[in-house]
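Visitor: Please pick one part of this model and take me through it closely, strand by strand. After that, show me what it leads to and what else is packed together in the chain.

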Amino acid sequence: MNSSGYSFEITTSAQGLARAGTITTPHGPIQTPCFTPVGTKATVKSVLPESMKDLGAQVLLANAYHLYLQPGAEILDEAGGLGKFMNWSGPTITDSGGFQVLSLGVGFKKILAMDAKTFRSDDVIAHKKDRLAHVDQDGVTFKSHIDGSMHRFTPEVSMQVQHQIGADIIFAFDECTTLHNTRKYQEAAVERTSAWAIRCLDEHKRLTDLRIEHPYQALFGVIQGAQYEDLRRLAAKDLGAMISSGISFDGFGIGGALDKGNLGTIISWVNQELPEDKPKHLLGIGAPEDLFVGVENGVDMFDCVLPSRIARTSAVYTMTGRFNVSNAPYRRQFVPIDEECDCYTCMNYTRAYLHHLFRGKEILAATLATIHNERFIIRLVEKMRQALIDGTFADLKADFMSRYAAPGEWKD
RNA sequence: GUGGGCGUAGCUCAGCUGGUAGAGCACUCGGUUGUGGUCCGAGAUGUCGCGGGUUCGAGCCCCGUCGUUCACC
């Protein structure tokens with residue numbers, strides 16, 4: 001570890017791109033590969049930070065865009081940083097707000113299709129007039145989804161906001177595209193993201209020197225390039241070697257909408273180009289089958305809203321697949337969600353009780369289901385880490401995939 | 001007792017001057033991947049209170065009847 005309090009060590013011998021390691025932050029270590037639960041607005045919806053700790057979460061991710069709008073980054077600064085504000089003593093991450101350019105722009109309302117086959121160009125055009133964000137060479141102008149007020153993010157603003165929020169790992173401000181933009185637009189977005197990356201390094205360096213009394217914040221660059229091999233490799237080479245104001249990125253995010261079918265391929269292109277000795281974070285991916293693909297292609301960290309979001313509408317994971325516990329058959333099943341699960345919910349509550357809570361629209365339903373799903377995913381990645389150390393990753397994957405039914409294929 | 005209103009999906013109700021029934025909720029199921037506790041999508045559901053009549057055709061018009069509700073003696 002260097003004097004900054006941040007470091008990354010790889011603990012396994014080479015197994016292709018896959019590896020296990022440890023990221024050290026000023027707020028403690030992160031054993032990788034790891035899954036990072038998302039608490040967009042400084043809270044994992046419906047679950048206490050203490051519960052997140054108990055279920056094995058090592059690190060939490062919040063969002064700069066949301067916290068900037070509410071309560072305001074200066075409030076978190078005054079509070080002593082994100083972790084202290086939300087009573088989370090472990091490591092934290094913030095996303096730059098770049099994703100919101102997409103999700104509030106052309107991606108607003110489900111345009112961010114993960115399956116390229118479902119795309120209809122009319123959708124993008126039809127929604128463009130409704131978009132709340134507009135991208136230019138210098139940054140993004142957007143309208144608050146809360147009160148409609150106008151705001152502007154540039155790489156510098158994103159860095160300033162993320163420094164005020166004070167997470168241990170922050171992300172460069174990037175432009176996330178959909179699978180459906182034209183090739184020409186993807187090229188422009190990669191170029192823009194590169195130019196912004198340099199500005200992020202510069203501003204990050206300036207702020208780090210200015211706020212010398214604050215804990216060190218690691219800055220990760222974000223690789224775009226959509227589904228194009230040359231663009232992905234170009235972006236990875238570019239950001240991987242990038243040095244500005246005398247600093248380089250501490251790690252890398254792999255961003256953009258990713259076609260599920262090519263997930264592993266795209267990640268492998270990127271990780272073949274990026275420096276081996278720095279952590280790779282796959283942004284926004286968290287379905288069990290995708291986690292295996294990520295890990296085997298060299299991903300060290302994941303974050304995803306999926307476990308918590310689907311939990312809120314009653315979908316729960318088990319080793320044999322995922323199902324909706326609010327469905328009629330579970331009304332009188334007085335057994336845990338998953339007999340093999342060690343989470344607080346499975347140790348203490350039944351499917352029938354959760355079924356009842358969901359039917360009654362009780363908020364405890366969200367809490368118990370989220371605890372289960374987050375634990376399920378975190379434990380799954382823990383198992384992957386152990387398997388990498390033991391050299392049995394391929395067996396673990398084969399065993400898991402042979403039992404786990406993809407969504408829609410669940411048979412009870 | 002007299003006069004009026006209302007009886008349509010499990011619930012609350014739409015159905016314009018007659019052309020073989022719809023909505024919301026509920027119900028059954030699917031979806032949600034750097035989070036708008038949302039939202040989207042698919043599906044099942046009816047002797048239109050009952051019995052007559054008029055009409056090519058009645059939820060709708062006419063007669064009777066039952067239920068319910070209000071008003072007035």
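Guide: The account below starts with a sheet of three strands and follows the chain outwards from there.

A word on the source comes before the details: this is a predicted model, not an experimental one. The mean pLDDT of chain A is 90, and 90% of its residues reach 70 or more. The model as a whole scores ipTM 0.82 and pTM 0.92. One stretch needs separate treatment, namely residues 107-130, where pLDDT stays under 50. The model has 34 contacts beyond four places in sequence for that stretch. Where pLDDT is low, predicted coordinates should not be read in detail.

Now to the sheet itself. Its three strands are arranged in the order S1-S2-S3, the sheet is open, and the pairing is antiparallel. In general, the strands of a sheet are paired through hydrogen bonds of the backbone. S1, at residues 7-10, and S3, at residues 28-32, stand at the edges. Each of these two has a single partner strand, so one side of each is left without a neighbour in the sheet. On average, neighbouring strands here are turned by 15 degrees against each other, with direction ignored.

The two pairings can be traced residue by residue. S1 and S2 (residues 21-25) pair in the antiparallel sense over four bridges. To find this pairing in the picture, look for Phe-8, which stands opposite Ile-23 in S2. Ile-10 also serves as a marker, since its bridge partner in S2 is Gly-21. On the other side, S2 and S3 are joined in the antiparallel sense over five bridges. Here Thr-22 stands opposite Gln-31 in S3, and Thr-25 has Gly-28 of S3 as its bridge partner. S2 and S3 together form a hairpin, with two residues between them.

The next thing to follow is the chain as it leaves S3. The peptide bond that joins Thr-32 and Pro-33 is cis, and its omega is about 0 degrees. Pro-33 lies in the loop between S3 and S4. S4 belongs to another sheet, an open one of eight strands with parallel pairing. The order of its strands is S4-S14-S13-S12-S11-S10-S6-S5. S4 (34-37) is an edge strand of that sheet, as is S5 (60-63), and each of them pairs on one side only. From one strand to the next, the twist averages 25 degrees. S4 runs parallel to S14 (residues 301-304), and four bridges join the two. Phe-35 can be used to locate this pairing, with Phe-302 as its bridge partner in S14.

Beyond S4, two backbone details are worth finding. Ala-42 is found in the loop between S4 and helix H1 (49-54). Its phi is near 65 degrees, a positive value in a residue other than glycine. The other detail is a cis peptide bond from Gln-70 to Pro-71, with omega near 10 degrees. Pro-71 has its place in the loop between helix H2 (64-69) and helix H3 (73-79).

Helices also pack against one another further along the chain. The axes of H8 (residues 183-210) and H9 come within 11 Å and cross at roughly 10 degrees. Angles under 35 degrees count as roughly parallel, and H8 is therefore roughly parallel to H9. In this contact Gln-186, Glu-187, Val-190, Ser-194 and Ala-197 of H8 meet Leu-231, Leu-234, Ala-235, Asp-238 and Leu-239 of H9. Sorted by class, these are six nonpolar, two polar and two charged residues.

H9 (residues 229-241) has a contact with H10 (residues 263-273) as well: their axes come within 8 Å and cross at roughly 30 degrees. That makes H9 roughly parallel to H10. The crossing of H9 past H10 is right-handed. From H9, the contact is made by Glu-229, Arg-232, Arg-233, Ala-236, Lys-237 and Gly-240. From H10, it is made by Ile-266, Trp-269, Val-270 and Glu-273. By class, this contact of H9 with H10 has four nonpolar, one polar and five charged residues.

Note on methods: Residues numbered from 1 in each chain as written. Chains lettered and ligands numbered in written order. Predicted model: local features only at pLDDT ≥ 70, side-chain atom pairs only at ≥ 80, totals over all residues. Axes fitted to C-alpha atoms, helices over the stretch in contact; angles between N-to-C directions. Parallel < 35°, antiparallel > 145°, perpendicular 65-115°, else oblique. Left-handed = near helix turned anticlockwise from the far one by under 90°. Contact = placed C-beta atoms within 7 Å. Nonpolar A, V, L, I, M, F, W, Y, C, P; charged D, E, K, R; others polar. Pairing = 2+ DSSP bridges. pLDDT = per-residue confidence, 0-100.
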